[in-house]
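Grab a pencil and let's work through a few exercises together. Each one has a task, then a solution in small steps.

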Amino acid sequence: MIIQALNQYYDILSQNEQSSVPRLGYSTAKVSFVLQISPEGKIGHIIDIRSKDKKPKPREITVPKQDARANAIAPYFLCENVKYIFGVELIPGKEREKTLKNASKIITILEDSGTDIIAITKRSKECFEAFKSLQHSILDSLVNEEATGLLAFLDSWSPEYFLTHAKILDYKDDILGGAMLIFEYNGKYLHELFEIRRKWEDHISNNKDGEQLLAQCLVSGNIEAISQTHNVIKNVANAQSAGARLVSFNSPSFESYGRSQSLNAPIGTTAEFKYTTVLNHLLADPKNRLRVADSTVVFWAETSNKTYEDLTLSLFNPPFSYEESDEKNPEQEEKRIKDEKTLQLIRDILTKVRNTQPLDPTTIGADPDTRFYILGLSPNNARLAVRFWYRDTYGEFINRIAKHHLDLEIVKADFDPPYLSIYRLLKETIPKSVERGEASPILGGLMLNAVLNGTQYPIQMYYAIINRIKVERSINFARAGFIKAYLLRLSRSGATSLQENMITMSLNVESSNVPYRLGRLFAVLEKVQSETNKEMGSTITSKYFSSASATPAVVFPVLIKLAQHHIAKSDWGFKTNQAIEEILSGVDTFPAFLNLEDQGMFMLGFYHQKQAFFAKKANSKEE
């Protein structure tokens, strides 16, 4: 089903002339340099096409298809690295001694700096010969000056020339570092010329590696050649840098009926090319992917219109704030203006969802009825594991993620981010003492499933948040917002006696919920202590918060008795007494024990009351 959806999306993109998704027989490569070839087969110039950043980045270019080759000698057509094009390689310092001991593998040392060695090895010579042979096998029958010039270069080139060519020396280190190179003739890339493309396409259609099994493709349903090994998927976080396969059978224990590798899940070569190509295309674009715990999340809609991407990414990862920027910095000012527009758009969408109003296609960037997909991938050795799979209409996706943000809404300080990303919520489960800690990958998948399906948030996440608050004796807007959201959805599901109208965004003085009132009471007692003993390094929160939220009957009599000493010293003690009396008017007895739901209400009451104190203090300062 996943591969079928990716195949359908490939077909949509391939019909759009502006789309950069490669056609059948082609793939994208990160190219750094262009070799200009003269009619006589000489290197005229070497052009650096990398970005102008402090750390130059290669350019993504569509080239003849490049399959994964691991350690095998398998040349690519018209796009290769130094080993295949020039027949030399760099032996880094860490491999120096090992290589020199096995001198039979070295043909000629071109340069020895004392650490790195530039050499012609048996393998590099074989790579060069294999590359030359492939170009000849495809282009020998083509009579034009472009093909003739390239073949003349390969026939006249000797690896010994590498360090004697002035143009090569200008970029020697970068080229030896594994950069990919393509060829240009008379201002045109050779692999883009019509006649050469036709020769390449004839080659791949006629060239069969061994006997291909004909079977029914699981995706198309047609009888066709089955792909034995699938292309690798790149840009998945923490996966192998060379890429990992989504469909792979690399052990006999996974195989059956005498079939090897991917023949156990027969997918045709065309379907395999489409899904691997379009998935790599999506993962290469930061606008189509994000990170949740250990999962790389990629999303797409069944449309070639790309305007929906910015909104989708912003709903997953809302801008942190729209603080004033330095007008002298145009980039910073431009980002601030963009963030303001994005936040206003999110507010407009939330207002419509709250009021059950229909979503406007021009607002959300796509037709609400458009099919929308989200795929979560995580690394599993040399393979990829599907963490989750979501499919629905784009309008329903917007509706559900908007409800998630509405459930999280809570009173907060002006400097706090207006909306929370899932990444930020997961971060609240990591101990503050752990630097660069990672949230549980299980929590990431459970959270995203709850958000996308509009279901109850995972109790594991709720328990982790409650536990962090108890251990660190600290509750911020993110933790309080999740507690509120969890209890709201629990109430709507009917799995608790809590009423939805009791779980509010800000202080609810009318609430009769006893744990909520006890949380408010704890905030009042902490405030009076801190006001009368400003030099104290700690408050009752650091000593009693955890036990007060779990066993109120044991802790609160002690705290109230202790508070009388602080009230007697306070200039505004009578107001504190009034507050305590008002809160306790709804409490007949202190509960002996609070369950997890009641502990959440206790912490919500504590947070609401503290925010109310801050609001009063801010208002009095303004007056």
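**Exercise 1: the second largest cavity**

Which residues line the second largest cavity? Keep in mind as you look that this is a predicted model.

Solution.
- Step 1: list the lining. The second largest cavity is lined by Leu525, Ile540, Leu559, Leu562, Ala563 and His566.
- Step 2: find the main contributor. Helix H20, residues 552-569, gives four residues, the largest share of this lining.
- Step 3: sort by class. Five lining residues are nonpolar, one is polar and none is charged.
- Step 4: add the volume. The second largest cavity holds about 30 Å³ of space.

**Exercise 2: the largest cavity**

Work out how much space lies in the largest cavity and which residues surround it.

Solution.
- Step 1: start with the idea. Rolling a probe the size of a water molecule over the atoms shows where empty space is left.
- Step 2: count. With a cut-off of 30 Å³ or more, there are two cavities.
- Step 3: take the volume. The largest cavity has about 70 Å³ of space.
- Step 4: read off the lining. Around the largest cavity you'll find His405, Leu408, Glu409, Ile410, Lys412, Pro418, Tyr419, Leu420, Phe477 and Gly481.
- Step 5: link to the elements. Helix H13 (394-408) and helix H17 (477-492) are the ones that give two or more residues to this lining.
- Step 6: sort by class. The lining of the largest cavity splits into six nonpolar, two polar and two charged residues.

**Exercise 3: two helix partners of H13**

Describe how H13 meets H11 and H15.

Solution.
- Step 1: take H11 (residues 330-354). H11 and H13 pack at about 95 degrees, with axes 9 Å apart.
- Step 2: name the arrangement. Angles from 65 to 115 degrees count as roughly perpendicular, so H11 is roughly perpendicular to H13.
- Step 3: find the residues. H11 brings Ile349, Leu350, Val353 and Arg354, while H13 brings Ile398, Asn399, Ala402, Lys403, His405 and Leu406.
- Step 4: sort this contact. The H11 and H13 residues here come to six nonpolar, two polar and two charged.
- Step 5: turn to H15. The axes of H13 and H15 come within 7 Å and cross at roughly 115 degrees.
- Step 6: find these residues too. Phe397, Arg400, Ile401 and His404 of H13 meet Val451, Leu452 and Asn453 of H15. By class, that contact has four nonpolar, two polar and one charged residue.

**Exercise 4: helices H1 and H9**

Are H1 and H9 roughly parallel or roughly perpendicular?

Solution.
- Step 1: get the geometry. The axes of H1 (residues 2-14) and H9 (residues 269-283) come within 8 Å and cross at roughly 75 degrees.
- Step 2: draw the conclusion. That crossing makes H1 roughly perpendicular to H9.
- Step 3: look at the contact. H1 residues Ile3, Leu6, Asn7, Tyr9, Tyr10, Asp11 and Leu13 take part, and among their H9 partners are Phe273, Tyr275 and Leu282.
- Step 4: sort by class. The H1 contact with H9 has eleven nonpolar, four polar and two charged residues.

**Exercise 5: the three-stranded sheet**

In which order do S5, S6 and S7 sit, and why do S5 and S6 each have a side without a neighbour?

Solution.
- Step 1: recall the basics. Strands of a sheet pair through backbone hydrogen bonds, either parallel or antiparallel.
- Step 2: write the order. This open sheet runs S5-S7-S6, with antiparallel pairing.
- Step 3: check the edges. S5 (89-91) and S6 (106-112) stand at the edges with a single partner strand each, so one side of each has no neighbour in the sheet.
- Step 4: add the twist. From one strand to the next, the twist averages 35 degrees.
- Step 5: zoom in. S5 and S7 (residues 117-121) pair over three bridges, and Glu89 stands opposite Ala119 in S7.
- Step 6: add a helix. H4 (residues 122-139) lies across S5, S6 and S7, at about 60 degrees to S7.

**Exercise 6: the four-stranded sheet**

Find the edge strands of the sheet that holds S12 to S15.

Solution.
- Step 1: write the order. The open sheet goes S12-S13-S14-S15, with antiparallel pairing.
- Step 2: pick the edges. S12 (289-292) and S15 (383-393) each pair on one side only.
- Step 3: look inside. Six bridges join S13 (residues 295-301) to S14 (residues 371-380), and Phe299 has Ile374 in S14 as its bridge partner.

Conventions. Residues numbered from 1 in each chain as written. Predicted model: local features only at pLDDT ≥ 70, side-chain atom pairs only at ≥ 80, totals over all residues. Heavy atoms only, no water. Axes fitted to C-alpha atoms, helices over the stretch in contact; angles between N-to-C directions. Parallel < 35°, antiparallel > 145°, perpendicular 65-115°, else oblique. Contact = heavy atoms within 4.5 Å. Nonpolar A, V, L, I, M, F, W, Y, C, P; charged D, E, K, R; others polar. 1 Å grid on protein atoms, 1.4 Å probe; cavity = no way out; pocket = protein on both sides within 12 Å on 5 of 7 lines; lining within 4 Å. Points joined across faces, edges and corners; volume = space filled by probe spheres on them. Pairing = 2+ DSSP bridges.
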